Amino acid sequence: MTTPHGAILKDTVPEEERPIVELRGAGKSYGNIRALHGVSLAVHPGKVTCVLGDNGAGKSTLIKIISGLHQHTEGEFLVDDEPVRFTTPREALDRGIATVYQDLATVPLMPVWRNFFLGSEMTKGPWPVRRLDIDRMKRTADEELRNMGIVLDDLEQPIGTLSGGQRQCVAIARAVYFGARVLILDEPTAALGVKQSGVVLKYIAAARDRGLGVIFITHNPHHAYMVGDRFSVLRLGTLELSASRDQVSLEELTNHMAGGAELAALKHELSQVRGVDVEELPEEDELTAPVAGTPEGRA
Ligand SMILES: Nc1ncnc2c1ncn2[C@@H]1O[C@H](COP(=O)(O)OP(=O)(O)OP(=O)(O)O)[C@@H](O)[C@H]1O
Ligand SMILES: [Mg+2]
(Lines give C-alpha, C1' and ligand atoms only; values in the text may rest on other atoms or scores of the structure.)
(Ligands and ions follow the chains in the order given, each with its own letter.)
Protein backbone atom coordinates (compact mmCIF):
# COMPACT_ATOMS: atom_id res chain seq x y z
CA MET A 1 0.00 0.00 0.00
CA THR A 2 1.30 3.49 -0.82
CA THR A 3 0.32 7.00 0.18
CA PRO A 4 -0.52 9.66 -2.44
CA HIS A 5 3.11 10.70 -2.12
CA GLY A 6 4.30 7.24 -3.01
CA ALA A 7 5.69 6.35 0.41
CA ILE A 8 5.29 2.71 1.32
CA LEU A 9 3.10 2.15 4.35
CA LYS A 10 3.91 -0.47 6.89
CA ASP A 11 1.40 -3.19 6.01
CA THR A 12 2.25 -5.02 9.17
CA VAL A 13 0.60 -2.34 11.29
CA PRO A 14 -3.15 -3.01 11.55
CA GLU A 15 -5.39 -0.05 10.73
CA GLU A 16 -6.62 0.41 14.31
CA GLU A 17 -3.07 0.58 15.66
CA ARG A 18 -1.98 3.40 13.40
CA PRO A 19 -2.11 6.79 15.09
CA ILE A 20 -4.46 9.36 13.60
CA VAL A 21 -2.32 12.19 14.90
CA GLU A 22 1.36 12.01 15.73
CA LEU A 23 4.00 14.45 16.90
CA ARG A 24 7.67 13.56 16.46
CA GLY A 25 10.10 15.71 18.37
CA ALA A 26 7.78 18.66 17.87
CA GLY A 27 8.34 22.07 19.43
CA LYS A 28 7.25 25.65 19.32
CA SER A 29 9.05 28.90 20.01
CA TYR A 30 7.33 32.23 20.37
CA GLY A 31 10.12 34.57 19.32
CA ASN A 32 12.92 33.58 21.66
CA ILE A 33 10.61 31.93 24.20
CA ARG A 34 10.74 28.20 23.75
CA ALA A 35 7.33 27.01 24.95
CA LEU A 36 7.63 23.42 23.75
CA HIS A 37 10.58 21.25 22.77
CA GLY A 38 11.11 17.70 21.52
CA VAL A 39 7.62 16.38 22.20
CA SER A 40 6.56 13.05 20.71
CA LEU A 41 3.03 11.80 21.11
CA ALA A 42 0.60 9.55 19.24
CA VAL A 43 -3.19 9.55 19.28
CA HIS A 44 -4.90 6.29 18.39
CA PRO A 45 -8.56 5.67 17.57
CA GLY A 46 -10.54 4.45 20.57
CA LYS A 47 -7.86 5.56 23.06
CA VAL A 48 -7.57 8.44 25.50
CA THR A 49 -4.22 10.21 25.59
CA CYS A 50 -3.88 12.39 28.68
CA VAL A 51 -1.59 15.40 28.67
CA LEU A 52 -0.70 16.52 32.17
CA GLY A 53 1.46 19.32 33.47
CA ASP A 54 1.60 22.30 35.73
CA ASN A 55 0.75 25.88 34.77
CA GLY A 56 2.96 27.02 31.93
CA ALA A 57 4.13 23.48 31.13
CA GLY A 58 3.11 23.85 27.49
CA LYS A 59 -0.19 21.96 27.39
CA SER A 60 -2.15 24.66 25.58
CA THR A 61 0.74 25.25 23.18
CA LEU A 62 0.72 21.56 22.33
CA ILE A 63 -2.97 21.44 21.51
CA LYS A 64 -2.83 24.73 19.63
CA ILE A 65 -0.39 23.08 17.22
CA ILE A 66 -2.65 20.07 16.73
CA SER A 67 -5.82 22.16 16.42
CA GLY A 68 -4.33 24.46 13.77
CA LEU A 69 -4.17 27.63 15.84
CA HIS A 70 -0.37 27.78 15.92
CA GLN A 71 2.34 26.12 13.87
CA HIS A 72 5.19 24.02 15.20
CA THR A 73 8.66 25.47 14.71
CA GLU A 74 10.56 22.20 15.12
CA GLY A 75 10.01 18.48 14.57
CA GLU A 76 7.16 16.83 12.72
CA PHE A 77 3.37 16.80 12.95
CA LEU A 78 1.61 14.00 11.06
CA VAL A 79 -2.03 13.20 10.39
CA ASP A 80 -2.70 9.73 8.95
CA ASP A 81 1.05 9.26 8.47
CA GLU A 82 1.29 12.41 6.36
CA PRO A 83 3.28 15.48 7.50
CA VAL A 84 0.98 18.49 7.88
CA ARG A 85 1.21 22.14 8.83
CA PHE A 86 -2.21 23.64 9.43
CA THR A 87 -2.64 27.37 9.08
CA THR A 88 -6.21 27.59 10.41
CA PRO A 89 -8.39 25.55 12.80
CA ARG A 90 -10.70 24.93 9.80
CA GLU A 91 -7.97 22.81 8.18
CA ALA A 92 -7.65 20.70 11.31
CA LEU A 93 -11.42 20.31 11.49
CA ASP A 94 -11.50 19.18 7.86
CA ARG A 95 -9.14 16.37 8.86
CA GLY A 96 -11.48 15.41 11.71
CA ILE A 97 -9.63 17.15 14.56
CA ALA A 98 -12.15 18.93 16.79
CA THR A 99 -11.24 20.98 19.85
CA VAL A 100 -13.46 21.78 22.81
CA TYR A 101 -11.99 24.83 24.55
CA GLN A 102 -12.62 25.56 28.18
CA ASP A 103 -14.35 28.84 27.39
CA LEU A 104 -16.75 27.06 25.06
CA ALA A 105 -17.71 28.91 21.93
CA THR A 106 -21.44 28.95 22.67
CA VAL A 107 -24.05 31.69 22.58
CA PRO A 108 -25.47 31.62 26.13
CA LEU A 109 -28.91 33.00 25.28
CA MET A 110 -29.57 30.67 22.35
CA PRO A 111 -31.35 27.35 22.89
CA VAL A 112 -29.33 24.17 23.30
CA TRP A 113 -30.32 22.78 19.87
CA ARG A 114 -29.36 26.04 18.15
CA ASN A 115 -25.93 25.96 19.77
CA PHE A 116 -25.55 22.33 18.74
CA PHE A 117 -25.73 23.42 15.08
CA LEU A 118 -24.03 26.79 15.46
CA GLY A 119 -22.19 27.59 12.24
CA SER A 120 -23.39 24.40 10.50
CA GLU A 121 -27.16 24.93 10.45
CA MET A 122 -29.44 22.55 8.58
CA THR A 123 -31.51 24.21 5.89
CA LYS A 124 -34.37 23.19 3.62
CA GLY A 125 -35.97 24.39 0.41
CA PRO A 126 -34.29 25.59 -2.79
CA TRP A 127 -32.43 28.85 -3.13
CA PRO A 128 -33.59 31.71 -2.83
CA VAL A 129 -36.22 30.55 -0.34
CA ARG A 130 -33.81 28.45 1.62
CA ARG A 131 -34.56 28.56 5.34
CA LEU A 132 -33.49 26.90 8.57
CA ASP A 133 -34.82 23.40 9.08
CA ILE A 134 -35.68 23.93 12.72
CA ASP A 135 -37.63 20.71 13.26
CA ARG A 136 -34.87 18.55 11.85
CA MET A 137 -32.21 20.36 13.90
CA LYS A 138 -34.19 19.92 17.13
CA ARG A 139 -34.85 16.26 16.40
CA THR A 140 -31.24 15.53 15.47
CA ALA A 141 -29.79 17.36 18.47
CA ASP A 142 -32.13 15.43 20.74
CA GLU A 143 -31.21 12.08 19.15
CA GLU A 144 -27.50 12.76 19.20
CA LEU A 145 -27.47 13.85 22.83
CA ARG A 146 -29.46 10.75 23.79
CA ASN A 147 -27.10 8.53 21.78
CA MET A 148 -24.30 9.80 23.97
CA GLY A 149 -26.46 9.17 27.05
CA ILE A 150 -27.03 12.87 27.70
CA VAL A 151 -30.62 13.57 28.73
CA LEU A 152 -31.68 17.21 29.01
CA ASP A 153 -35.21 18.16 30.02
CA ASP A 154 -35.67 20.82 27.42
CA LEU A 155 -33.56 21.61 24.37
CA GLU A 156 -35.33 24.98 24.11
CA GLN A 157 -33.63 26.23 27.24
CA PRO A 158 -30.79 28.72 26.68
CA ILE A 159 -27.46 26.89 26.82
CA GLY A 160 -26.33 29.46 29.39
CA THR A 161 -28.70 27.90 31.91
CA LEU A 162 -26.90 24.54 31.75
CA SER A 163 -24.16 23.69 34.21
CA GLY A 164 -20.55 23.90 33.03
CA GLY A 165 -20.38 20.11 32.93
CA GLN A 166 -23.52 19.80 30.84
CA ARG A 167 -22.21 22.36 28.38
CA GLN A 168 -18.99 20.38 28.01
CA CYS A 169 -21.09 17.29 27.30
CA VAL A 170 -23.12 19.08 24.61
CA ALA A 171 -19.86 20.21 23.01
CA ILE A 172 -18.52 16.63 23.05
CA ALA A 173 -21.75 15.25 21.49
CA ARG A 174 -21.59 18.00 18.87
CA ALA A 175 -18.03 17.11 17.87
CA VAL A 176 -18.96 13.43 17.63
CA TYR A 177 -22.00 14.24 15.45
CA PHE A 178 -19.98 16.40 13.07
CA GLY A 179 -17.63 13.54 12.40
CA ALA A 180 -14.64 14.24 14.62
CA ARG A 181 -12.02 11.49 14.64
CA VAL A 182 -9.85 13.21 17.20
CA LEU A 183 -11.37 15.14 20.08
CA ILE A 184 -9.19 17.57 22.02
CA LEU A 185 -10.43 18.71 25.43
CA ASP A 186 -8.51 21.51 27.15
CA GLU A 187 -9.00 21.12 30.89
CA PRO A 188 -12.70 20.26 30.68
CA THR A 189 -12.87 19.45 34.39
CA ALA A 190 -10.72 22.30 35.76
CA ALA A 191 -13.58 24.48 36.97
CA LEU A 192 -15.97 21.65 37.88
CA GLY A 193 -16.96 20.03 41.14
CA VAL A 194 -16.56 16.33 41.81
CA LYS A 195 -19.94 15.22 40.49
CA GLN A 196 -19.86 17.30 37.32
CA SER A 197 -16.29 16.19 36.61
CA GLY A 198 -17.55 12.61 36.84
CA VAL A 199 -20.19 13.35 34.21
CA VAL A 200 -17.65 14.84 31.82
CA LEU A 201 -15.30 11.88 32.35
CA LYS A 202 -18.21 9.59 31.47
CA TYR A 203 -18.66 11.30 28.09
CA ILE A 204 -14.95 11.24 27.42
CA ALA A 205 -15.26 7.47 27.83
CA ALA A 206 -18.36 7.46 25.57
CA ALA A 207 -16.46 9.32 22.82
CA ARG A 208 -13.59 6.85 23.17
CA ASP A 209 -16.00 3.90 22.92
CA ARG A 210 -17.29 5.36 19.66
CA GLY A 211 -13.77 5.02 18.31
CA LEU A 212 -12.56 8.60 18.61
CA GLY A 213 -9.02 9.35 19.64
CA VAL A 214 -9.26 11.67 22.62
CA ILE A 215 -6.61 14.11 23.88
CA PHE A 216 -7.53 15.00 27.44
CA ILE A 217 -5.63 17.93 28.95
CA THR A 218 -5.75 18.11 32.73
CA HIS A 219 -3.95 19.15 35.91
CA ASN A 220 -5.55 16.30 37.78
CA PRO A 221 -3.83 12.89 37.78
CA HIS A 222 -6.91 11.28 39.36
CA HIS A 223 -9.15 12.40 36.51
CA ALA A 224 -6.54 11.35 33.98
CA TYR A 225 -6.14 7.90 35.48
CA MET A 226 -9.88 7.25 35.46
CA VAL A 227 -10.11 7.33 31.67
CA GLY A 228 -6.56 7.43 30.27
CA ASP A 229 -4.82 4.82 28.13
CA ARG A 230 -1.62 6.84 27.73
CA PHE A 231 -0.11 9.60 29.85
CA SER A 232 2.23 12.37 28.77
CA VAL A 233 3.50 14.64 31.51
CA LEU A 234 4.94 17.97 30.38
CA ARG A 235 7.32 20.01 32.47
CA LEU A 236 8.75 23.33 31.31
CA GLY A 237 7.88 22.52 27.73
CA THR A 238 9.43 19.06 27.49
CA LEU A 239 8.04 15.57 28.00
CA GLU A 240 8.93 14.33 31.44
CA LEU A 241 7.00 11.11 31.20
CA SER A 242 5.31 9.23 28.39
CA ALA A 243 3.81 5.96 29.49
CA SER A 244 0.94 3.63 28.85
CA ARG A 245 -1.45 2.67 31.61
CA ASP A 246 0.29 -0.59 32.40
CA GLN A 247 3.63 1.20 32.77
CA VAL A 248 2.58 3.72 35.39
CA SER A 249 0.46 3.69 38.56
CA LEU A 250 -1.75 6.51 39.78
CA GLU A 251 0.72 7.08 42.59
CA GLU A 252 3.65 7.44 40.19
CA LEU A 253 1.63 9.75 37.98
CA THR A 254 0.77 11.93 40.98
CA ASN A 255 4.42 12.03 42.00
CA HIS A 256 5.41 13.15 38.52
CA MET A 257 2.88 15.95 38.73
CA ALA A 258 4.18 17.21 42.06
CA GLY A 259 7.78 16.10 42.50
CA GLY A 260 8.73 15.66 46.16
CA ALA A 261 11.53 18.24 45.87
CA GLU A 262 9.17 20.91 44.58
CA LEU A 263 6.70 20.20 47.30
CA ALA A 264 9.39 20.56 49.94
CA ALA A 265 10.50 23.85 48.38
CA LEU A 266 6.92 25.08 48.47
CA LYS A 267 6.55 24.13 52.11
CA HIS A 268 9.79 25.92 52.91
CA GLU A 269 8.64 29.05 51.08
CA LEU A 270 5.30 29.04 52.83
CA SER A 271 6.91 28.53 56.21
CA GLN A 272 8.36 32.07 55.86
CA VAL A 273 4.85 33.48 55.49
CA ARG A 274 3.26 34.48 58.76
CA GLY A 275 -0.06 32.80 59.49
CA VAL A 276 0.42 29.75 57.27
CA ASP A 277 0.77 26.54 59.21
CA VAL A 278 2.82 24.33 56.90
CA GLU A 279 2.18 21.29 59.07
CA GLU A 280 -1.41 21.66 58.03
CA LEU A 281 -0.49 21.65 54.34
CA PRO A 282 -2.38 19.07 52.33
CA GLU A 283 -0.61 15.94 51.21
CA GLU A 284 0.97 15.76 47.77
CA ASP A 285 -2.05 14.40 45.92
CA GLU A 286 -4.31 17.06 47.35
CA LEU A 287 -1.91 19.75 46.25
CA THR A 288 -2.32 18.62 42.67
CA ALA A 289 -6.12 18.76 42.77
CA PRO A 290 -7.67 20.99 40.09
CA VAL A 291 -7.60 24.70 40.64
CA ALA A 292 -10.84 26.44 39.79
CA GLY A 293 -10.50 29.25 37.30
CA THR A 294 -7.13 28.21 35.94
CA PRO A 295 -5.85 30.94 33.61
CA GLU A 296 -6.76 29.76 30.15
CA GLY A 297 -7.16 30.97 26.65
CA ARG A 298 -3.93 32.91 26.27
CA ALA A 299 -3.61 33.38 22.56
N1 LIG B 1 1.53 33.57 22.56
C2 LIG B 1 2.56 33.39 23.37
N3 LIG B 1 3.63 34.21 23.30
C4 LIG B 1 4.69 34.05 24.12
N5 LIG B 1 4.80 33.08 25.04
C6 LIG B 1 3.76 32.23 25.17
C7 LIG B 1 2.59 32.33 24.35
N8 LIG B 1 1.73 31.35 24.70
C9 LIG B 1 2.35 30.67 25.68
N10 LIG B 1 3.54 31.18 25.97
C11 LIG B 1 4.51 30.69 26.98
O12 LIG B 1 4.71 29.32 26.74
C13 LIG B 1 4.77 28.58 27.94
C14 LIG B 1 3.73 27.47 27.92
O15 LIG B 1 2.44 28.04 27.96
P16 LIG B 1 1.09 27.19 27.83
O17 LIG B 1 -0.03 28.15 27.77
O18 LIG B 1 1.23 26.24 26.70
O19 LIG B 1 1.08 26.40 29.21
P20 LIG B 1 -0.08 25.50 29.86
O21 LIG B 1 0.56 24.20 30.20
O22 LIG B 1 -1.26 25.45 28.96
O23 LIG B 1 -0.40 26.30 31.20
P24 LIG B 1 -1.80 26.46 31.99
O25 LIG B 1 -1.95 25.26 32.84
O26 LIG B 1 -1.56 27.67 32.82
O27 LIG B 1 -2.89 26.64 31.00
C28 LIG B 1 4.57 29.58 29.06
O29 LIG B 1 5.83 29.93 29.55
C30 LIG B 1 3.91 30.76 28.38
O31 LIG B 1 4.22 31.96 29.03
MG1 LIG C 1 -3.31 26.01 29.21
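Student: What makes strand 11 (residues 230-235) count as largely enclosed by the rest of the structure?

Tutor: In this predicted model, five of the six residues of strand 11 are buried, so the strand is largely enclosed by the rest of the structure. The word "buried" rests on a cut-off, namely 20 or more other C-beta atoms within 10 Å of the residue's own. Across the protein chain, buried residues make up 36% of the 299 residues.

Student: Which strands pair with strand 11, and in which sense, parallel or antiparallel?

Tutor: Strand 3 (residues 48-53) pairs with strand 11 in the parallel sense over five bridges, and V51 stands opposite S232 there. Strand 12 (residues 238-244) runs antiparallel to strand 11 and is joined to it by six bridges, with A243 in strand 12 as the bridge partner of F231. Two strands count as paired when there are at least two bridges between them, so the five bridges to strand 3 and the six to strand 12 both satisfy that condition.

Student: What links strand 11 to strand 12, and what makes L236 noteworthy there?

Tutor: The two strands form a hairpin with two residues between them, and L236 in the turn has a positive phi of about 50°. Most residues other than glycine have a negative phi. L236 is not a glycine, and yet its phi is positive.

Student: Why is L236 called partly exposed?

Tutor: L236 has 14 other C-beta atoms within 10 Å. A residue is exposed at 12 or fewer and buried at 20 or more, and a count in between is called partly exposed, so L236 with its 14 belongs to the partly exposed class.

Student: Which residue in the loop between strand 4 and strand 5 has a positive phi although it is not a glycine, and how exposed is that residue?

Tutor: The residue is D81, which is found in that loop and has a positive phi of about 70°. D81 has 15 other C-beta atoms within 10 Å, and therefore it too is classed as partly exposed.

Student: How do you know that strand 4 (residues 74-79) and strand 5 are paired?

Tutor: Two bridges join these antiparallel strands, and since at least two are required, the pair qualifies; V79 has E82 in strand 5 as its bridge partner. Both strands belong to an open sheet of four strands in the order 2-1-4-5, with antiparallel pairing.

Student: Why are strand 2 (33-43) and strand 5 (82-83) said to stand at the edges?

Tutor: Each of them has a single partner strand, so one side of each is left without a neighbour in the sheet.

Student: Why are helix 5 and helix 6 called roughly parallel?

Tutor: Helix 5 (residues 164-177) and helix 6 (residues 194-209) pack at an angle of about 10°, with their axes 8 Å apart. Angles under 35 degrees count as roughly parallel, and the two helices are therefore roughly parallel to each other. Among the residues that meet are I172 and V176 in helix 5, and V199 and Y203 in helix 6. The residues of this contact divide into seven nonpolar, four polar and no charged.

Student: Which peptide bond is cis, and how do you know that?

Tutor: The cis peptide bond joins W127 and P128, where omega is about 5°. P128 is found in the loop between strand 7 (123-124) and strand 8 (131-132). Most peptide bonds are trans.

Technical notes:
Residues are numbered from 1 along each chain as its sequence is written. Chains are lettered from A and ligands numbered from 1 in the order in which they are written. This is a predicted model: local features need pLDDT of at least 70, side-chain atom pairs count only at pLDDT 80 or more; totals for chains, interfaces and linings use all residues. Axes are lines fitted to C-alpha atoms, for helices over the stretch in contact, and angles run from 0 to 180 degrees between N-to-C directions. Angles under 35 degrees count as roughly parallel, over 145 as roughly antiparallel, 65 to 115 as roughly perpendicular and the rest as oblique. Two residues are in contact if their C-beta atoms, placed from the backbone, lie within 7 Å. Ala, Val, Leu, Ile, Met, Phe, Trp, Tyr, Cys and Pro count as nonpolar, Asp, Glu, Lys and Arg as charged, and the others, Gly among them, as polar.
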